[in-house]
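This note is addressed to a student reading a structure for the first time. Please keep the sequence and the three-dimensional view at hand while working through the numbered points.

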Amino acid sequence: MKSLHNKSFLTMLDYTPEEIKYYLELAAKLKADKKAGVEKQSMKGKNFVLIFEKDSTRTRCAFEVGAADQGAHTTYLGPTGSQMNKKESLKDTARVLGSMYDGIEFRGFAQEDVEELAKYSGVPVWNGLTDMDHPTQTLANFLTLQENIDKPLNEISFAYVGHGQSNMCNALMSGAVKLGMDFRLIGPKQYHPEGAFFEECKKVAAETGATITVTDNVEEGVKGLDVIYTGVWVTMGDTYDMWKERINTFKPYQITPEMMKMTGNPNVKFCHCLPAFHDTNTQVGKDIFERFSMNGIEVTDDVFESEASLAFQEAENRLHTIKAVMVATFSDYETL
Ligand code: CP
């Protein structure tokens, strides 16, 4: 395996199956070491800038805590408060930040932006989510599956249920095909995957022995699954009119106890990247529940809170996997 030192982490499509497995092994080791109180610091004196054009809880905290655990310092640049993309182009910002920092995390809109930062900054760039991809979430999910399902990742039957053109579907599909999984997208036809990213995933599947099934038929699609994954049907900035269209379209794909049973697997797991609309404890959740008379939106509360749900284990694993990506960029932790 080639060294991952100084490599930017932009999409799972850039990695070999061995490299992805290495990140997962390293994340498991870092997690075990932290829990045992014997974690070694491999990034003392490093400085990272964390750029967030969109809000974040998990990703931001994982980068900040992961860096601190490893002895590095972080600067947070939020949606306001820097010159980036306002008075200063991304290309110029990249060159400035690259001259001061050892690594850059970027969460924003366009995948091209994270690529441009990597091209012009001269330092490694980590993708913290774009409209196209969310690769660090995939690593956290795969570590969680390894911990909870008693079979190798390439034998897992995995479905993303919902929006097949979303960043989360792309991220999971690209990781799944790299590792040779049975990947299924179950959702409404007009939101089925398409375009260059999907074509690339199909090519990878042909090389690794993975399968990709795309269907709008829930009953057929869920048979024999080990994992049902979903994400929100709309994202930040969407209006209530958009909600109305999406809710009408996606309602048959809500994750319910009936859908979990339909898999025929009593041990099927439920996963979600979070945040999730499963109860009325947020204003948006409350408004939507009242307007559309729904019990949960993309998932019912009883599935979300059930023993099958790995949502919070996956959230914790954001820390260990993001830390592994940062550590692998700079050191061979195992040899310290
Ligand atoms: N899943 C995820 O990326 O969470 P945040 O938006 O809170 O970072």
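1. The record offers a starting point. An unreviewed UniProt entry lists residues 7–147 as "domain: Aspartate/ornithine carbamoyltransferase carbamoyl-P binding". The reader should bear in mind that the structure discussed here is a predicted model. Over residues 7–147, helix accounts for 48% of the chain and strand for 13%. The C-alpha atoms at the two ends of this stretch are 27 Å apart.

2. The surroundings of the ligand come next. Which residues are found around the ligand? They are Ser56, Thr57, Arg58, Thr59, Arg107, His134, Gln137, Cys273, Leu274 and Arg318. By character, this shell divides into 2 nonpolar, 5 polar and 3 charged residues.

3. Individual atoms of the ligand may then be considered. The side chain of Arg107 has an N or O atom 2.8 Å from an oxygen atom of the ligand. The side chain of His134 likewise places an N or O atom 2.8 Å from a ligand oxygen. With Leu274 the backbone is involved: one of its N or O atoms lies 2.9 Å from a nitrogen atom of the ligand. Taken alone, the ligand exposes 260 Å², and the protein buries 93% of that area.

4. Leu274 deserves a second look, for the bond that follows it. Leu274 and Pro275 are joined by a cis peptide bond, with omega about 0 degrees. Pro275 is placed in the loop between β9 and α11, the latter covering residues 283–292.

5. Val268 belongs to the loop between α10 (257–262) and β9 (269–272). Is Val268 buried or exposed? Its relative accessible area is 5%, and Val268 therefore counts as buried, since the cut-off for that term is under 20%. Apart from neighbours within four places in sequence, Val268 is in contact with Leu225, Asp226, Val227, Ile228, Met260, Thr263 and Ala308. By contrast, the C-alpha atoms of Val268 and Ser174 are separated by 22 Å, these residues being 94 apart along the chain.

6. Ser157 is located in strand β5, which spans residues 157–161. With a relative accessible area of 11%, Ser157 is also buried. Its side chain makes a polar contact of 2.7 Å with the side chain of Asp182. When residues up to four places away in sequence are not counted, Ser157 touches Asp182, Arg184, Gly224, Leu225, Asp226 and Val227. Leu225, Asp226 and Val227 are also among the contacts of Val268. As for Tyr76, 81 residues away along the chain, its C-alpha atom and that of Ser157 are 38 Å apart.

7. Two backbone angles should be checked in the view. Asn6 is a residue other than glycine, yet its phi is positive, near 65 degrees. Asn6 is found in the segment before α1 (17–36). Because its relative accessible area is 55%, Asn6 is classed as exposed.

8. The other angle is that of Leu129. Although Leu129 is not a glycine, its phi is positive, at about 130 degrees. Leu129 lies in the loop between β4 (125–127) and α5 (135–148). What is the relative accessible area of Leu129? The value is 12%, so Leu129 is buried, whereas Asn6 is exposed.

Methods: Residues numbered from 1 in each chain as written. Predicted model: local features only at pLDDT ≥ 70, side-chain atom pairs only at ≥ 80, totals over all residues. Heavy atoms only, no water. Near = heavy atom within 4 Å. Polar contact = N/O pair within 3.5 Å; in protein donor to acceptor, adjacent residues only side chain to side chain. Areas by Shrake-Rupley, 256 points an atom, 1.4 Å probe, with all protein chains shown as cover. Nonpolar A, V, L, I, M, F, W, Y, C, P; charged D, E, K, R; others polar. Helix = DSSP H or I, 4+ residues; strand = E, 2+ residues; numbered from the N terminus. Buried < 20%, exposed > 50% of the residue type's maximum accessible area, 1.4 Å probe, protein only. Contact = heavy atoms within 4.5 Å. UniProt positions renumbered as here; feature names shortened; annotations may be inferred.
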